[in-house]
Amino acid sequence: MAESIVSLIDVEKRFGSNLVVRKMNMEIYEGEFLTLLGPSGCGKTTTLRMIAGFEDATSGIIKVQGERVENKEPYQRDVNTVFQNYALFPHMTVFDNVAYGLTIKKVPKDEIRQRVAEMLELVQLTDYERRKPDELSGGQKQRVAIARALINRPKVLLLDEPLGALDLKLRKQMQIELKRLQKKLGITFVYVTHDQEEALTMSDRIAVMNAGVIEQLGTPMEIYDHPLTRFVAGFIGESNIFDGTVTAVEGDLLRVDTPAGKLLTRGSGFAVGEEMHVSIRPEYLEAGERNADGFDLPARIKDFTYMGTVVKTALDMADGTELKLSRFEQDANAHEGDKVYLSWRPEKSVPIKKSHT
Amino acid sequence: MSKQPSGTSDLQAIRRKRDMRRKTIPALAQAGPVSIWMILFVTLPMLFIIYISFMSRGVFGDVVYQFSLESYQTLLDATYFKVILKSLKAALLTTVLCLGLGYPFAYYIARKPPEVASRLIMLIMIPFWTNSLMRLNSWLLLFQTSGPVNNFLQWTGLVDRPITFIYTDGLVVLGLITNMLPFAVLPLYSSIEKLQKSLLEASADLGATPSQTFFKVTLPLTFPGIFSAIILVFIPSLGIYTVSDILGGGKVLYIGNIIKNQFGSIRNWPLGAALSVLLLVITGLLIFIYTRFAKIEDMEVV
């Protein structure tokens, strides 16, 4: 494994009586693209701002390149930030914005000129040197902000929802560009977003945060396919989640009773009588005319929603909950109000331990 | 058949007439009541002052409507020149000190949460609810020979004889500053308050120390507020006469006092008008410089 470049050890942040980040421990490795993902208010931006130095940790240790930085001011830390609203200096040209970090360090003029030109080429804004920020589009401003943050050659680049203000198409394009840029430069990116799709597309690893705690830290695939908590299962992608009790363990096959009915899943480490959750993706849900072996999940088709690439079917369960099933094409024989029985291949569902927090 | 062409030409004629009318209604009139108000209460009195400044003074202090440049020639007199220079100096000093005191204060307020900020602004405004004559006279009481300030200085042993504060230029400038400070603080506050916090963070993030951030980001971005403060403080300080009248005791003369005296006791309206025109020219020049500067700021873009 690559070397750790940022370490958070027991980091906590309190705003008044509000504990925003709780006992956080995390290693961020050199050259990786790590995303802090979570709903608003989960503490992801606060975590980023503590690494940058804009917020002081209430307790705990933060190390950048092995050096403790809790008591260092932002201008003394070798990390740079791309801000959510770009934060370009409106009274300066693109050139002066990008050159800012070097001007502050009193780098010779010729070198500044050359390095700014390199940076602008990197973000494809070579001919925009003399423009002011208000003459740029959102995407261009974003590129300037990235160039400005990269010119100091930081070991770690912090990005706080940098694509939040862009429209969907531009966003997708910038996601790919950012990822390429990161690979090309080999710099560690710490990226904050609430958009799980963005996180899955770009990241080497994702830290899913909720209520100030990292619920799961892993590769996008691990997080998507093997969510460790009910929150992660629900937050990443779309999931149908059942809360139930294990009634029988047959090897790795688990029989589970839920308020909506009986179902099967596969997993280890569960005991008979244990309360747990079962997560199943809408694409793996199957609807038939009678109960499959081990399943007893009656449902009624509520409605269909055409989503472009897929058709989603909403299903009303016996316990009043609603499930989603998705297919590439609508089943011509299915109609609203039809009674169906649900099942799936047990290995496609994910058993989740009940958390005790 | 012949109806159609004549019909269109009628239409064209109507259109032409409407266009004509549109062009002939001056932009000013379209602005409506505001421009009427401005013309009645600002432009006309100003024109009248300019007109009078070119008239002559009658024997009994009345205005004789006869063209004369006498008033302007009097202005070239060294005594007046000195007074004008002194007034400019006092106004300049007041402006500089108001900015020096007002900027840190405005910055402090702007960084407070809104509800605290509005209370602090209230604090600056409260003295202005008292009558200005009362405020000025209380300065006299404070600083007079046997007043608290002198008593205190003598008590501490810093001086063994009371200092003459009252009726000095120093006290006049002090009075001007206390009078003008809110006019500096308010525009400064509004421009500092608009400053996005993330810009300061971005600057620090890129390696700038707080003082570098101040000179490279904060100060340039609050220039509009600084210029408004300069205009709002400098122009009134130049013309205000109550401060120098009371705190200067009529001993120290500024342009304001002289103008007041010309229109009042001395009854030389044309000279008073000429002095007013001079003030008008000075302030006009300032505003011209201000707008030019604002334009240059915009034009750097090209």
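**Notes on the predicted two-chain model**

1. Let me start with B:P270, which is buried because it has 24 other C-beta atoms within 10 Å, the cut-off being 20 or more. This proline lies in helix α15 of chain B, which covers residues 269-299. Keep in mind throughout that we are looking at a predicted model.

2. What does B:P270 touch, once residues up to four places away in sequence are left out? The list reads B:I52, B:S53, B:M55, B:S56, B:R57, B:V63 and B:S71. Take B:I52 from that set: its C-alpha is 5.4 Å from the C-alpha of B:P270, although the two residues are 218 positions apart in sequence.

3. That long-range pairing has company in chain B. Among contacts in this chain with a separation of 6 or more, 68% are between residues 24 or more positions apart. Chain B has 15 helices and 2 strands, and 27% of its 302 residues count as buried.

4. Now the record. The unreviewed UniProt entry lists "transmembrane region" for residues 25-54, 90-109, 121-143, 163-189, 221-243 and 269-290 of chain B. I looked at two of these stretches in the model. Residues 269-290 of chain B are 100% helix and 0% strand, with 31 Å between the end C-alpha atoms. For residues 221-243 of chain B the helix share is 87%, again with 0% strand, and the end C-alpha atoms are 33 Å apart. B:P270, from the opening point, sits in helix α15 of chain B, and the record's 269-290 stretch takes in its position.

5. On confidence, the model scores ipTM 0.84 and pTM 0.79. Chain B has a mean pLDDT of 84, with 87% of its residues at 70 or more. The chain B stretch 1-7 has pLDDT below 50, and the model gives it 0 contacts beyond near neighbours in sequence. Residues 298-302 of chain B also stay under 50, with 2 contacts beyond four places in sequence. I would not read detail into either stretch.

6. How many residues does each chain bring to the contact between chains A and B? Chain A gives 20 and chain B gives 16. On the chain A side, β6 (79-82) and α2 (94-104) each supply at least two residues. The largest share comes from α2(A), with 3 residues. By type, the chain A side divides into 9 nonpolar, 6 polar and 5 charged residues.

7. Within chain A, the domain assignment gives domain 1 (4-231) and domain 2 (240-353). Their centres, taken over C-alpha atoms, are 39 Å apart. The contact between these domains takes 5 residues from domain 1 of chain A and 5 from domain 2 of chain A. On the domain 1 side, those residues split into 2 nonpolar, 2 polar and 1 charged.

8. Strand β19 of chain A (residues 339-343) deserves a look for its pairings. It runs antiparallel to strand β15 of chain A (residues 286-288), joined by 3 bridges. In this pairing A:G288 stands opposite A:Y341. Strand β16 of chain A (residues 298-306) is also antiparallel to β19(A) and joined to it by 3 bridges. There, A:A299 has A:V340 as its bridge partner in β19(A).

9. Two backbone angles in chain A caught my eye. Most residues other than glycine have a negative phi. A:D10, however, has a phi near 50°, which is positive. This residue is in strand β1 of chain A (residues 4-15). Is A:D10 buried or exposed? It counts as exposed because it has 12 C-beta neighbours inside 10 Å, where 12 or fewer is the limit.

10. The other angle belongs to A:K23, whose phi is near 30°, also a positive value in a residue other than glycine. A:K23 is in strand β2 of chain A (residues 18-29). Its 15 C-beta neighbours inside 10 Å are why A:K23 counts as partly exposed. Both residues would be my picks for a backbone check: A:D10 with phi near 50° and A:K23 with phi near 30°.

How values were computed:
Residues numbered from 1 in each chain as written. Chains lettered and ligands numbered in written order. Predicted model: local features only at pLDDT ≥ 70, side-chain atom pairs only at ≥ 80, totals over all residues. Helix = DSSP H or I, 4+ residues; strand = E, 2+ residues; numbered from the N terminus. Domains from an automatic or database assignment. Contact = placed C-beta atoms within 7 Å. Nonpolar A, V, L, I, M, F, W, Y, C, P; charged D, E, K, R; others polar. Pairing = 2+ DSSP bridges. pLDDT = per-residue confidence, 0-100. UniProt positions renumbered as here; feature names shortened; annotations may be inferred.
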